[in-house]
Amino acid sequence: MDGFPVKVSEAVCLGASLALSGICYYLYKKSRTTLNKLEDAPHFTIDGKLKDILKVTPGACLQYAVIEGAVQPVGEPLTSSFQKELFGVLQKFMLREHRLVWNSLSRTWTDSERVLHQRVNAVPFVLVGSNDTAVRVLCPLQASGVYMETTHEKFHQVNYGFSDIIGQYLSGEKLKGQLETEEMLKVGTTLTGVGELILETDGTLNLRPPTNGSEYFLSITDFDTLLGEQESTAGWWKGLAIASAVAGAVVLVWLGRRYYNQLRAHWEREKERREFERLRAENPRARAPVAGHEALQDEEEEHLENACVICLTQPRNCILLDCGHVCCCYSCYQALPQRRCPICRQSISRVVPLYHV
Ligand SMILES: [Zn+2]
Ligand SMILES: [Zn+2]
């Protein structure tokens with residue numbers, strides 16, 4: 001039997017869905033681990049007792065803990081570039097260019113965005129709880145979670161003349177304008193922090209990215225909202241992993257069905273060939289014309305008018321039923337792409353050896 005041919009499109013579909021499901025499963029496991037760690041993390045209030053707890057903790061360090069406090073700058077705060085009365089400790093300014101690009105495939109204009117300029121400013125800050133106990137937040141920009149608020153957003157639209165519009169249609173690109181945004185972590189915001197809590201030898205409390213590889217979080221929402229967001233992320237990855245695994249399974253079933261059909265056709269041909277051989281063996285008169293090539297050499301010239309209509313070399317040695325045409329040799333019959341008589345196109349239900357008298 002010939003090898004089983006797998007089409008390029010089938011191989012691509014199978015490979016892509018399996019790879020996608022693997023990636024989604026990995027991301028699901030990762031977000032699930034993060035979620036479990038978040039659920040297990042102990043909560044502490046920032047007060048005088050926190051130092052006492054850390055003093056009796058080995059290494060004066062809690063590997064993963066949740067705290068909540070109000071943001072206060074250590075020195076001078078940052079001032080918003082757009083609203084002078086706004087103060088913060090983190091500031092991110094971005095200028096993005098928006099363009100419409102002609103997509104010749106979908107024959108539509110699609111939006112494309114490009115960052116033209118980005119600037120991040122940060123000043124040291126602490127989270128303050130009751131009775132003025134403060135926890136210094138280290139490396140805030142490494143944290144995940146939403147910890148900045150948009151304090152300014154303005155879109156500068158571009159106005160065009162008639163010649164510009166013609167030029168845009170010719171070049172396939174239209175400049176829409178520039179979006180200017182400013183995000184800030186404002187002074188006084190209640191911030192939830194999840195990370196490594198450590199008491200330094202000089203008596204200061206620090207929150208920093210965990211050294212054990214857990215994810216560092218800072219969020220302006222409360223802890224339950226943060227947990228809910230992580231849960232929905234894990235849910236999304238799980239759903240995508242299942243969907244792509246199902247797609248992969250569908251391709252596999254499809255391939256399996258095709259393979260089974262091909263195998264069944266092969267078995268049927270084999271069964272038919274054995275039956276043909278058996279009939280031929282039972283009748284000695286039928287044996288001569290289907291014997292090997294060597295025995296046929298002499299007879300071939302004489303029986304040229306009796307040659308198979310397909311290969312024109314071997315003698316006709318089988319009867320196609322039900323039409324009864326005697327037109328081809330057995331090997332050519334087996335090689336027919338469809339079980340149809342090459343003369344009258346009637347479908348072949350059975351084939352029997354031709355007996356010479
Ligand atoms: Zn033939
Ligand atoms: Zn026929």
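The questions and answers below go through a predicted model.

User: How are helices H1 and H4 oriented to each other, roughly parallel or roughly antiparallel?
Analyst: Helix H1 covers residues 8-40 and helix H4 covers residues 223-282, and their axes come within 7 Å. The axes cross at roughly 155°. Angles over 145 degrees count as roughly antiparallel. H1 and H4 are therefore roughly antiparallel.

User: Is the crossing of H1 and H4 left-handed or right-handed, and how many nonpolar residues does the contact have?
Analyst: The crossing of H1 and H4 is left-handed. By class, the contact of H1 with H4 has four charged residues, eight polar ones and, for the class asked about, 20 nonpolar.

User: Which residues have the most contacts inside the largest nonpolar core?
Analyst: In soluble globular proteins, nonpolar side chains tend to be buried together. Here the largest nonpolar core has 31 residues. Those with the most contacts inside this core are Ile67, Leu127, Val135, Leu185 and Leu197.

User: Which elements give two or more residues to this core?
Analyst: The elements that do so are strands. They are E2 (61-73), E4 (87-103), E6 (125-128), E7 (134-137), E9 (173-186), E10 (190-199), E11 (205-208) and E12 (217-219).

User: How many residues are in the other core, which lies apart from the largest one?
Analyst: Phe276, Cys308, Cys332 and Val351 are among the residues of this other core. The number of its residues is eleven.

User: Which residues is Val135 in contact with, leaving aside its neighbours within four places in sequence?
Analyst: Val135 is one of the residues with the most contacts inside the largest nonpolar core. Contact here requires C-beta atoms within 7 Å. On that basis, its partners are Ile46, Ile67, Gly69, Val126, Leu127, Leu205, Asn206 and Leu207.

User: Is Leu116 buried or exposed?
Analyst: Leu116 is found in strand E5, residues 108-122. Leu116 has 11 C-beta neighbours inside 10 Å. A residue with 12 or fewer counts as exposed. Leu116 is therefore exposed.

User: Which residues does Leu116 touch, and how many Å is it from Gly59 in space?
Analyst: Not counting residues up to four places away in sequence, Leu116 touches Leu95, Arg96, Glu97 and Gln178. Gly59 is 57 residues away from Leu116 in sequence. Between the C-alpha atoms of Leu116 and Gly59, the separation is 46 Å.

User: Where is Gly213, and what separates its C-alpha atom from that of Glu39?
Analyst: Gly213 is found in the loop between E11 and E12. Gly213 is exposed, with 8 other C-beta atoms within 10 Å. Gly213 and Glu39 are 174 residues apart along the chain, and their C-alpha atoms are separated by 16 Å.

User: What is phi of Arg107, and what is phi of Arg345?
Analyst: Arg107 lies in the loop between E4 and E5 and is exposed, with 7 C-beta neighbours inside 10 Å. Arg345 lies in the loop between H7 and strand E14 (350-353) and is exposed, with 9 other C-beta atoms within 10 Å. Neither residue is a glycine, but each has a positive phi. The value is about 55° for Arg107 and near 65° for Arg345.

User: Which residue is joined to Leu321 by a cis peptide bond?
Analyst: The omega of this bond is about 15°. The partner lies in the loop between strand E13 (318-321) and helix H7 (330-334). The residue joined to Leu321 is Asp322.

User: Is Val326 exposed or partly exposed, and which residues is it in contact with?
Analyst: Val326 is in the loop between E13 and H7. Val326 has 14 C-beta neighbours inside 10 Å, so Val326 counts as partly exposed. The C-alpha atoms of Val326 and Arg316 are 6.5 Å apart, with their places ten residues apart in sequence numbering. Leaving aside neighbours within four places in sequence, Val326 is in contact with Arg316, Ile319 and Leu354.

User: How many Å apart in space are Arg350 and Ile319?
Analyst: Arg350 is in strand E14 and is exposed, with 11 other C-beta atoms within 10 Å. Arg350 and Ile319 are 31 residues apart in sequence. From C-alpha to C-alpha, the distance is 8.5 Å.

Definitions and conventions. Residues numbered from 1 in each chain as written. Chains lettered and ligands numbered in written order. Predicted model: local features only at pLDDT ≥ 70, side-chain atom pairs only at ≥ 80, totals over all residues. Axes fitted to C-alpha atoms, helices over the stretch in contact; angles between N-to-C directions. Helix = DSSP H or I, 4+ residues; strand = E, 2+ residues; numbered from the N terminus. Parallel < 35°, antiparallel > 145°, perpendicular 65-115°, else oblique. Left-handed = near helix turned anticlockwise from the far one by under 90°. Nonpolar A, V, L, I, M, F, W, Y, C, P; charged D, E, K, R; others polar. Core = buried A, V, L, I, M, F, W, Y, C linked by C-beta atoms within 7 Å. Buried ≥ 20, exposed ≤ 12 C-beta atoms within 10 Å, placed from the backbone. Contact = placed C-beta atoms within 7 Å.
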